[in-house]
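Got your viewer open and your mouse ready? Let's take a walk through this structure, one selection at a time.

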Amino acid sequence: MSEKAACRAHRITRALALFLAVPLLLALGAPTAKAANSPAIRLITTIPINGTAGKPTNQLFSFDISYVDPANGLYYLGDRSNAAIDVIDTTGAFTGTPDTLYGQIGGGAFGFQGDTGTTATSGPNGVAAAFPCIFAGDGNSRAISINASVSFVQPVSALNTGGQFRADELAYDPADGLLLVTNNAETVPFSTLLTVNKSTCALSNPIKITYNAASGVNATNGAEQSVWDPGTQRFYISIPEI
């Protein structure tokens, strides 16, 4: 199962439900009859998200993209309801119990926009991670980085990508230290390619990529999730209009 599939395989109402997409091929050999007849998606457990320490009864009602860091099994969810990133320990390595809420990344030091009533200005939105770095986009066109080996309560960078609306749809190249962040709610969508210091997780050197007719990609119907493919050494992004 790809990282992208793992990140998208979730559905949340009042509680967070983790799903696991069962791979069609478990190894290079032919799949067994049991695997072939298994359901494609099955419920593992539910993990209540009841709000922050300051508002413990706040219900989860607005969220965006999630991401699993394969290096440590931590699952990050852009939780707009609580203006935070929810962190789930999927392996039990940190909490002692698999599929447990490990904590939340947020508060005054981050200033996430939360749910503003419109997705264009809400946040946090897209998330990505490769230990020790964690990345998130916010509703006021910010790309934020965290160094998990130093602090979960203080950001390393909060870089504005220059748009009016949310920074979203993150993809990360951990080998070269490159982060692609997309402002998909702008009238003319654009992405920003950022350099990541792999030791400190600091963001720098923004390069703007505009999706318009002049650049050969007329994205008047927005831009969606991007992904880094290490095989081809390229970023790919879905453009609904095309």
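What follows is a list of stops, each with something to select and something to look at.

**Stop 1: the whole chain**

Start with everything showing, and keep in mind that this is a predicted model. Draw the chain as a cartoon: its secondary structure comes to two helices and 17 strands. The chain has 242 residues, and buried ones make up 43% of them. Now switch on the surface. About 11,600 Å² of the chain is accessible, and 56% of that area belongs to carbon and sulfur atoms.

Next, colour by pLDDT. The chain averages 85, with 84% of its residues at 70 or more. Then select residues 1–31, where pLDDT stays under 50. The model still has 66 contacts beyond four places in sequence for that stretch.

**Stop 2: the disulfide**

How many disulfides does the structure hold? There is one. Select Cys133 and Cys201 and show their side chains: the S to S distance is 2.1 Å. Turn the view to look at the S-S bond, where the angle of -90° makes the link left-handed. Cys133 sits in strand S9, while Cys201 sits in the loop between strands S14 and S15, so the pair ties together parts that are 68 residues apart in sequence. Are these two cysteines buried or exposed? Cys133 is buried at 2% relative accessible area, and Cys201 is buried too, at 0%.

**Stop 3: a four-strand sheet**

Select strands S12, S13, S14 and S15. They form an open sheet in just that order, with antiparallel pairing. Look at the edges, which are S12 and S15, each pairing on one side only. From one strand to the next, the twist averages 20°. Zoom in on S12 and S13, which are joined by four bridges in the antiparallel sense. Here you can pick out Asp168, standing opposite Thr182 in S13.

Stay with this sheet and click on Leu203, which is found in S15. Leu203 counts as buried, at 9% relative accessibility. What does Leu203 touch, leaving out residues up to four places away in sequence? Its contacts include Phe135, Ile144, Leu159, Leu179 and Leu194. Try a distance as well: the C-alpha atoms of Leu203 and Val156 are 8.1 Å apart, although 47 residues separate the two along the chain.

**Stop 4: strand S4 and the loop after it**

Go to Ile65 in strand S4. Ile65 is buried, with 7% relative accessibility. Draw a line from its C-alpha to that of Gly78: it spans 5.8 Å, for residues 13 apart in sequence. Then move on to Asn72, in the loop between S4 and S5. Asn72 is buried as well, at 15% relative accessible area. Beyond its neighbours within four places in sequence, Asn72 is in contact with Thr91, Phe94 and Phe131.

**Stop 5: some unusual backbone**

Most residues other than glycine have a negative phi, and most peptide bonds are trans. So which residues should you select to see something else?

- Gly123 and Pro124: the peptide bond between them is cis, with omega near 5°. Pro124 is in the loop between S7 and S8.
- Phe131 and Pro132: a cis peptide bond joins them too, with omega about 10°. Pro132 lies in the loop between S8 and S9.
- Ser141: its phi is positive, near 70°. You will find Ser141 in the loop between S9 and S10, and it is buried at 0% relative accessible area.

**Stop 6: the hairpin of S16 and S17**

For the last stop, select residues 226–237. Strands S16 and S17 run antiparallel here, joined by four bridges, and Val227 stands opposite Tyr236. In a regular strand, side chains alternate between the two faces of the sheet. Show the side chains of S16 to look for that pattern. Ser226 and Trp228 point to one face and are buried, whereas Val227 and Asp229 point to the other and are not.

Four residues lie between the two strands, and Gln233 takes a positive phi near 60° in this hairpin. Is Gln233 buried or partly exposed? With 47% relative accessibility, Gln233 counts as partly exposed.

Terms used: Residues numbered from 1 in each chain as written. Predicted model: local features only at pLDDT ≥ 70, side-chain atom pairs only at ≥ 80, totals over all residues. Heavy atoms only, no water. Buried < 20%, exposed > 50% of the residue type's maximum accessible area, 1.4 Å probe, protein only. Pairing = 2+ DSSP bridges. Areas by Shrake-Rupley, 256 points an atom, 1.4 Å probe, with all protein chains shown as cover. Disulfide = S-S within 2.5 Å. Contact = heavy atoms within 4.5 Å. Axes fitted to C-alpha atoms, helices over the stretch in contact; angles between N-to-C directions. pLDDT = per-residue confidence, 0-100.
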